[in-house]
Amino acid sequence: MRCARPSWRGPAGERPARVRGSARREWLVRFLEHRIGDTRIIRLIQKWLKAAILEDGIVTVDDRGTDQGSVISPLLANIYLHYVLDLWAERWRRREAAGDMIIVRYADDVTIGFEHEGDARRFLDAMRARFEEFELSLHPDKIRLIEFGRLAAVNHKQRGRGKPDSFAFLGFTFICGKSRTGRFQLQRKTRSDRMRAKLKDIKAQTRQPMHWSVPKQGKWLAQIVSGHFEYFAVPTNFRALQTFRHRVTNLWPSTLRRRSQKDSYMWERVTKLAADYLPS
């Protein structure tokens, strides 16, 4: 996302479009034929698309879209969006955009940045029409058009609108912030709902290793914290990383106490174990 000048976060939000039952399989097969030359692979995918679904004891065969629970569905959806959105958006940028434009897509999560608000609004209308041609729809609750960038805070203050809006993308909340010197800074924070869900999952899993040795438990928790840090350890997100590690440390005593009613773990001991095993 370009933040050198005011950019307008494009109309696409999280999960803007999905290859669902309404998506025409004929278009999907055409795209696959264009991308894959092996007719045997095409026939295999077509058979996969026509596979029956067993749900509540009833077998059904849907002749449209892909089953979202299938292994191949994300791959086919990605190919579909490549032709329907990616290539078309690049052409629209070259031919229609009056200013800078950038698109970032991961699976069905998309964020589009524009230099001019007019481009963002025209692109939104064009994208809706484009998606309708291919039996796709934008999620009405996920589409947001916001002013974001270096001058967003100044413009909002002049209009008496308070702070600029933030937006969520790929597990992060993106914020128009300021550095210690008062200059504009693009800040990324771990989404609070994602952190709560992760901690809830960890808490549920702690019952399994309750009889493990302390070193084995420490290595297990270290892998979890390290994996979290590998993704979320970015500049401006230090406080959220500290919070995650602290809460994981708080979950550890409950696991240790369940090992024995006589075993009492004081906080000082848990803090030392966390320092020994968990990455800082």
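This passage looks at a small set of backbone features in a predicted model, beginning with a sheet and moving on to two loop residues.

The sheet is an open one, built from 3 strands that follow the order β7-β8-β9 with antiparallel pairing. At its edges stand β7 and β9 (184-190), and each has a single partner strand, so one side of each is left without a neighbour in the sheet. From one strand to the next, the twist averages 35°. Strands of a sheet pair through backbone hydrogen bonds, and the arrangement may be parallel or antiparallel. Here, the antiparallel pairing of β8 with β9 extends over 7 bridges. For a reader who would like to find this part of the sheet on screen, Thr173 is a handy place to start: the residue opposite Thr173 is Lys189 in β9.

The loop that joins the story to the sheet is the one between β7 (167-169) and β8 (172-178), where Leu170 is found. Leu170 is not a glycine, yet its phi is positive, at about 55°. Is Leu170 buried or exposed, or something in between? With a relative accessible area of 24%, Leu170 is partly exposed, because the buried class is kept for values under 20% and the exposed class for values over 50%.

A positive phi also turns up at Thr236, another residue other than glycine, with a value near 75°. In this case the setting is a loop between helices: Thr236 lies between α7 (214-232) and α8 (238-257).

Methods:
Residues are numbered from 1 along each chain as its sequence is written. This is a predicted model: local features need pLDDT of at least 70, side-chain atom pairs count only at pLDDT 80 or more; totals for chains, interfaces and linings use all residues. Side-chain values use heavy atoms; hydrogens and water are left out. Helices (H or I, at least four residues) and strands (E, at least two) are DSSP runs, numbered from the N terminus. Buried means under 20% relative accessible area, exposed over 50%, partly exposed in between (1.4 Å probe, protein chains only). Two strands pair if DSSP finds at least two bridges between them. Axes are lines fitted to C-alpha atoms, for helices over the stretch in contact, and angles run from 0 to 180 degrees between N-to-C directions.
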